[in-house]
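Student: I'm new to this structure and would like a close look at a single part of it. Could you pick a place to begin and show me how its surroundings fit together?

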Amino acid sequence: MKFLAAVIISGFTSLAPFALANNAGSTPGQKTTSAPPAMGRNFPPPMRSFPLYGDGKIPNSKPTPNEESGADRGFVRNVSRPQIRVYLPAPSKANGASMLIFPGGGYSGLTFDNEGTQQARFFLDHGFAAFVVKYRVPSDQTMEKKSIGPLQDAQQALRFLRLHAKEWNLDPARVGAIGYSAGGHLASTLATHFNKAYIDNPEQVSLRPDFLVLVYPVISMDAKITHLDSRKALLGSTPSEDEVRLFSNELQVTKDTPPTLILHAADDRLVDVDNSIVFFQSLRHADVPVEARLFEKGQHGFFLMPRETWQMAIIEWMTSNGWPFARAK
């Protein structure tokens, strides 16, 4: 008990200077303690998830049960209720720019953890807001026209982001799209088909991303170089020549296609690197700013490379082009 009393007395004694300082207020010469820093500024807010179309009807959709599965294993199948996950950076890091993230999966599912959630956290570390799009995979069972379903969701995701930009202190003129594998096909479709709205857009929000990053992307539907499983999933077994041309994005490039970075490995055995090469050539000939980094080895998914090798290439390119920085209006 004597020890406890000593501790209590010592505690009161140690607090006394702070009490005096707080009560001194305007006493001349008295030192006051500054307010502690707002630690909340150093941590990102919790992730939030939203139905992509809110309470409205999902366009181009048949009434079917929700059979989505696989979230616990990182590969999501049978997406018919699209969502968007919002990751905002810590206020102390935020630069006002945003990335729409489209995971791959061959248009048969979504590699949602590796090419979605994990990538979002990487962009957060560098001050970018990240929006992971859980888009619908093409399906005759759930869609009236499966070839445009993913593009509708991509356009709606960009519209959603820009409509909420002010609320989240984001610059609607610094929104990039990044896609991996078949998600790269979707991102490049978004970046080359923005003149036609496949969704209701009463506010006339721009459906063109400001810049584009493609990582081991599917680009073409040309049977000679395409990823055949992605083509079959999106267009069916016997697509028309017009459909093949429409969704061969190297043929849809114009001078208004956004500035682009392309990353691919020459030894990719799943998606031929020629996809990236033909897109690079189309962009170059249209005078669109483009940079390609073709790695000798890495295979599909870049599993043979340290992540920082290719991820930091993205940050370097975005920084050199000024996307993390506010622009004069």
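Tutor: Let's begin at S139, a residue in the loop between β6 (129–134) and α3. Please keep in mind that this is a predicted model, and that everything below describes that model. Is S139 buried or exposed? Its relative accessible area is 15%, and because the cut-off for buried is under 20%, S139 counts as buried. Its side chain makes contact with the backbone just ahead in the loop: one partner is the backbone nitrogen of Q141, reached at 3.1 Å. Another is the backbone nitrogen of T142, which the side chain of S139 reaches at 3.3 Å.

Now step back from this loop into the strand that leads to it. A129 is part of strand β6, and its relative accessibility of 0% places A129 among the buried residues. What does A129 touch, leaving aside residues up to four places away in sequence? The answer is Y87, L88, P89, A97, S98, M99 and L170. Take Y87 from that list: A129 and Y87 are 42 residues apart in sequence, yet their C-alpha atoms are 5.8 Å apart in space.

The whole of β6 shares this buried character. Six of its six residues are buried, so β6 is largely enclosed by the rest of the structure. Which way do the residues of β6 point? A129, F131 and V133 point one way, while A130, V132 and K134 point the other way, and all of these are buried. K134 has a further feature: its charged end sits over the ring of F112, 5.5 Å from the ring centre.

Next, look at the strands that pair with β6. Strand β3 (residues 83–87) is joined to β6 by five bridges, and the two run antiparallel; in β6, A130 is the residue opposite Y87. Strand β4 (residues 98–102) also pairs with β6, this time in the parallel sense and over four bridges. Here L100 has F131 of β6 standing opposite.

These pairings belong to a wider picture, an open sheet of eight strands with mixed pairing, in the order β1-β3-β6-β4-β7-β8-β9-β10. At the edges are β1 and β10, each of which pairs on one side only. From one strand to the next, the twist averages 15 degrees. Further along the order, β7 and β8 run parallel and are joined by five bridges, with G176 opposite F211 in β8. Packed on the sheet is helix α7 (residues 274–285), which touches β8, β9 (260–265) and β10. The direction of α7 makes about 155 degrees with that of β9.

The aromatic rings add another set of links. How many aromatic pairs does a search of the whole structure find? There are 14. One of them is F50 with W168, a tilted pair at 6.1 Å centre to centre, with 50 degrees between the planes. F50 lies in strand β1 (residues 48–51), and W168 in the loop between α3 (149–164) and β7 (175–180), so this pair ties together parts that are 118 residues apart in sequence. F50 and W168 are both buried.

Y216 and F302 make an edge-to-face pair, with centres 5.1 Å apart and planes at 85 degrees. Y216 belongs to the loop between β8 (211–215) and α5 (228–235), and F302 to the loop between β10 (290–295) and α8 (307–320), so the pair ties together parts that are 86 residues apart in sequence. Y216 is buried, as is F302. Both of these residues also belong to one aromatic cluster, formed by Y180, Y216, F295, F302 and W310.

Finally, here is the setting for all of this. The protein has eight helices and 10 strands, and 52% of its 329 residues count as buried. Among contacts with a separation of 6 or more, 79% come from residues 24 or more positions apart. The A129 and Y87 neighbours, at 42 residues apart in sequence, give you an example of such a separation.

Methods. Residues numbered from 1 in each chain as written. Predicted model: local features only at pLDDT ≥ 70, side-chain atom pairs only at ≥ 80, totals over all residues. Heavy atoms only, no water. Phe/Tyr/Trp six-rings, centres within 6.5 Å; stacked < 30°, edge-to-face > 60°. Buried < 20%, exposed > 50% of the residue type's maximum accessible area, 1.4 Å probe, protein only. Lys NZ or Arg CZ within 6 Å of the ring centre and 35° of its normal. Pairing = 2+ DSSP bridges. Axes fitted to C-alpha atoms, helices over the stretch in contact; angles between N-to-C directions. Contact = heavy atoms within 4.5 Å. Polar contact = N/O pair within 3.5 Å; in protein donor to acceptor, adjacent residues only side chain to side chain.
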